[in-house]
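Here are my notes for you on this one. Keep the viewer open and go through the points in order, finding each piece as you read.

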Amino acid sequence: MTGKAEKIRVPLLPLRDIVVFPHQTTPLIVGRQKSVNAVKEAIKNNSLIFTVMQKDPKIEDPAENDLRIAGTLSSIEHHIMESDSIKLLVKGVRRAKISSYRENELYGEVEVEAIGDSAVSSPGIEALKRQLVAAFTDYAKNTNLVAPEIVTYIASVDNAEVVADTIAGSVKMKADDKQALMEIEDLEKYMTRIMERLFGEMEIIDLEKRIKAQVKKQTEKAQKEYYLNEQMRAIQKELGEKDEFKTEIKELEERIKKKKMSDEAAKRCKGELKKLRMMSPMSAEAAVVRGYLEWILSLPWYDYTDEKKDINEAKKILDRDHYGLEQIKERILEFLAVKALSPEAKGPILCFVGPPGVGKTSLAKSIAEATGRNFVRQSLGGVRDEAEIRGHRRTYVSALPGKIIQSMRKAGSSNPVFLFDEIDKMSMDFRGDPSAALLEVLDPEQNHAFNDHYLDLDYDLSKVMFITTANTMAGIPPALIDRLEIIRLPGYIEVEKLNIARKFLIPKQLTANGLTPGQAVFTKGAIVQLIRDYTREAGVRNVERELATILRKVAKHNLETGKRKQKTTITSATLGRYLGVARFTRSELEEQDLVGVATGLAWTEAGGDILAIESAVLNGKGKLTVTGKLGDIMKESASAAMSYVRTIAADLGLKSGFYRRIDVHIHIPEGAIPKDGPSAGITMATSLVSALTRIPVKRDLAMTGEITLRGRVLPIGGLKEKLMAAMRAQIREVLIPRDNEKDIAEIPDIIKKALKIEFVENMDQVIEKALRVDTTDKIWKGRAEKNVDLPAVDQLHNIPLPPAQSHPSN
């Protein structure tokens with residue numbers, strides 16, 4: 001079909017909203033039966049078919065009047081037959097129009113003649129062709145809709161009609177617009193109209209770019225979200241509905257007027273509200289300002305709870321929630337009394353220091369209840385960024401106030417009890433030191449004007465009752481300790497744990513496990529054995545955990561047997577049935593007095609323990625070996641003890657230079673457990689003296705104290721825990737430094753009655769009290785004007801060695 005007058009009869013393929021242009025390859029799916037038949041007929045012959053768009057895409061079986069006049073004579077390049085349809089790939093050959101239409105029972109058939117004349121050429125057409133190519137090249141550069149191969153192909157084609165057809169099929173247009181181009185017969189008019197459509201698309205592209213640039217300046221949100229919101233606002237405006245943004249501004253204005261806050265905060269709110277009015281409601285900055293205003297308005301600037309000032313009521317609450325701790329309760333009541341009499345007085349910040357599970361956090365809750373204040377807790381464990389305390393400045397994305405301001409909003413009042421838990425667990429890194437930020441918070445002289453980085457406003461924390469907790473003092477910076485009043489909570493003794501379990505823990509766990517007091521009864525012996533054999537702690541958390549385990553098993557047994565109200569008595573004999581074998585072995589006394597074995601006392605987080613320190617003398621060249629996974633301080637104590645023993649060698653009846661012929665080995669059992677501290681010094685020295693003189697140490701005597709090279713005994717810490725350990729191990733006599741005599745007043749009477757506590761100032765007193773001798777002359781042989789040589793080392797081999805002892809650190 002090369003000329004305009006030539007006609008050809010081919011099968012008809014009506015299309016819905018699709019226009020196929022010459023030289024354009026288009027995929028089609030044919031499903032209508034007549035169309036399928038037409039395709040099959042075309043495939044049988046020369047694969048030519050006339051593709052034309054129907055006027056109404058809803059018509060299922062279009063007649064002649066339902067078809068557009070112009071279409072494209074197309075070639076079927078590829079096809080795939082399926083059960084009820086055919087997938088085609090057709091390529092347009094030439095624009096054509098219908099001359100006649102004929103329909104049989106199977107398919108429609110048309111006679112078509114070509115539109116235009118590809119052989120026509122003139123200077124005007126050539127000029128149009130060049131303009132079309134240039135404009136299309138710009139169009140392709142500014143969009144991602146045209147493949148580079150098409151641009152290259154068009155630039156190489158000389159035929160103007162081919163160029164026009166290819167561009168018409170490649171430019172983004174509606175189907176009706178494409179069909180309008182298809183029906184233009186005059187080539188020059190055809191090319192001119194394509195040029196107009198191309199320039200129209202270019203203008204739309206430029207407009208889209210300008211809109212994108214404007215949107216990018218106003219907001220960082222997605223373009224789609226911006227358009228949708230803008231359209232919604234425009235619709236609401238046309239319908240006369242409320243402008244939500246204006247309503248929000250008005251609500252904020254009313255809240256600012258009603259809210260009691262500082263003058264500085266009120267002024268800041270008014271300024272931020274003024275800025276908000278001038279912003280686009282969907283801009284990112286508007287969201288930041290709204291969030292800032294919400295934080296200021298949600299804080300309890302001048303909201304206070306009514307305080308209770310009844311000390312007797314406070315005492316009842318403390319006694320109800322905590323057993324024992326009399327000195328701690330007394331100090332708390334003194335603190336509350338001063339607060340009640342002088343509300344404006346700047347009292348100290350309390351810091352409860354003690355092992356886990358002794359009731360530090362629950363004491364703070366009881367104080368809040370006793371005073372009628374709200375309670376808020378902030379854990380500082382693992383906090384290492386100063387911004388956690390002070391917040392981030394608003395210039396940062398997703399900035400928020402610090403934990404102080406967040407907790408104040410959570411508390412809902414400006415005078416809560418504010419607990420900083422685990423204050424010793426803070427750390428620091430390149431982002432700052434959070435403990436330095438706490439200095440202002442916990443200083444009564446400064447915290448009336450606490451400045452959070454996010455708010456950038458002074459907030460009054462002077463009415464807040466701050467309480468802190470820590471497990472040890474070691475992790476708290478000195479500058480922070482200076483602002484705190486330390487109240488130590490030592491571990492509970494066995495009798496206290498027994499009473500806590502009976503009065504508090506068992507009733508609590510019975511309720512938690514759905515049992516009544518009559519369904520599970522614990523004997524005193526069972527509770528004591530549970531404390532001794534299944535827990536090793538200063539507090540009572542594990543005691544409660546083991547009680548819960550027993551009661552769960554009781555509840556399960558009652559349901560399995562169908563006897564829900566059955567009474568179960570837990571005794572020391574049946575305890576193993578519920579908890580299994582004992583988890584801990586109690587430290588017990590040696591069966592006999594041993595040479596070279598002295599009993600020391602150690603502080604542990606579990607409440608203290610005894611340590612059996614062993615010394616052995618061997619043939620050698622003066623080497624001192626210390627084993628048992630000891631820390632540097634403990635190793636230095638061993639060296640100091642050995643040096644002291646060498647200074648008194650003459651008094652002990654040892655010849656000068658005795659140490660050159662022997663090696664000394666000091667060992668502390670439980671080698672897998674780290675141990676450190678200076679308070680085992682006198683115990684090591686006693687063990688060495690016993691090993692060198694072959695005089696046994698009293699097995700029922702324990703000691704603790706730091707030693708100097710001159711033999712002085714220096715004070716130690718953790719006295720209560722160490723004496724508790726001695727009482728548990730059935731020690732009868734304990735030697736402690738004279739300087740610790742003042743601490744005896746804080747030791748419970750039950751411990752003082754169970755132990756004979758003796759105070760020592762120097763090692764002479766320790767050695768005389770610790771070694772098992774009838775007369776001290778047997779120890780101080782040198783002082784009896786008779787030097788004896790060191791016993792032969794091979795004789796020491798018959799000295800009985802002690803069994804391994806437990807436990808941890810000194």
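What share of the 810 residues in the chain do buried residues make up? They make up 48%. One thing to keep in mind throughout: this is a predicted model.

1. **The whole chain.** You'll be looking at 26 helices and 24 strands. The radius of gyration is 47 Å, well over the 28 Å that the globule rule gives for 810 residues, so the chain is more spread out than a compact globule. If you line the chain up along its principal axes, its C-alpha atoms fill a box of roughly 150 × 70 × 65 Å. Now look at contacts between residues with a separation of 6 or more: 75% of them join residues 24 or more positions apart.

2. **Strand 6 and its two partners.** Go to residues 108–114, which are strand 6. This strand is mostly covered, with 6 of its 7 residues buried. Strand 1 (residues 7–15) pairs with strand 6 in the antiparallel sense, over 5 bridges. One pair to find there is lysine 7, whose bridge partner in strand 6 is glutamate 113. Strand 5 (residues 86–103) pairs with strand 6 as well, again in the antiparallel sense, but over 7 bridges. Here you can look for isoleucine 98, which stands opposite valine 112 of strand 6. Follow the backbone from strand 5 to strand 6 and you'll pass through a hairpin, with 4 residues making the join.

3. **A parallel sheet.** A quick reminder before this one: strands of a sheet pair through backbone hydrogen bonds, either parallel or antiparallel. In this open sheet the pairing is parallel, and its 5 strands come in the order 8-9-12-7-13. Why do strand 8 (375–379) and strand 13 (484–488) each have one side without a neighbour in the sheet? They stand at the edges and have a single partner strand each, so one side is left without a neighbour. From one strand to the next, the twist averages 25°. For a closer look, take strand 8 and strand 9 (residues 417–421), which pair in the parallel sense over 5 bridges. Arginine 377 has leucine 419 in strand 9 as its bridge partner.

4. **Two cysteines to check.** Are cysteine 269 and cysteine 351 buried or exposed? Cysteine 269 has a relative accessible area of 0%, so it is buried. Cysteine 351 is buried too, because its relative accessible area is also 0%. As for disulfides, the count comes to 0.

5. **Helix 19.** This helix covers residues 524–534. Its buried residues are Ala526, Ile527, Val528, Leu530, Ile531, Asp533 and Tyr534. What covers them? The list includes helix 18 (494–512), strand 14 (520–522), helix 20 (541–561), strand 15 (568–570) and helix 21 (575–579).

6. **Helix 24.** Next, find residues 719–728. Helix 24 is largely enclosed by the rest of the structure, because 8 of its 10 residues are buried. Among the buried ones are Leu719, Leu723 and Met724, but also Lys720, Glu721 and Lys722. The buried residues pack against helix 18, strand 16 (597–602), strand 17 (609–619), strand 23 (733–737), helix 25 (749–754) and strand 24. Just after the helix, have a look at glutamine 730, which takes a positive phi of about 65°.

7. **Glutamate 758.** Strand 24 (residues 756–760) holds this residue. Glutamate 758 has a relative accessible area of 15%, so it counts as buried, the cut-off being under 20%. Leaving out residues up to four places away in sequence, glutamate 758 touches Glu733, Val734, Leu735, Ile736 and Lys769.

8. **Threonine 708.** Last stop: the loop between strand 21 (706–707) and strand 22 (713–714), where you'll find threonine 708. With a relative accessible area of 16%, threonine 708 is buried. A polar atom of its side chain lies 3.0 Å from the backbone nitrogen of arginine 712. Setting aside neighbours within four places in sequence, threonine 708 is in contact with Tyr644 and Leu714.

Technical notes. Residues numbered from 1 in each chain as written. Predicted model: local features only at pLDDT ≥ 70, side-chain atom pairs only at ≥ 80, totals over all residues. Heavy atoms only, no water. Helix = DSSP H or I, 4+ residues; strand = E, 2+ residues; numbered from the N terminus. Buried < 20%, exposed > 50% of the residue type's maximum accessible area, 1.4 Å probe, protein only. Polar contact = N/O pair within 3.5 Å; in protein donor to acceptor, adjacent residues only side chain to side chain. Contact = heavy atoms within 4.5 Å. Pairing = 2+ DSSP bridges. Axes fitted to C-alpha atoms, helices over the stretch in contact; angles between N-to-C directions. Disulfide = S-S within 2.5 Å. Rg over C-alpha atoms; globule rule 2.2 N^0.38 Å.
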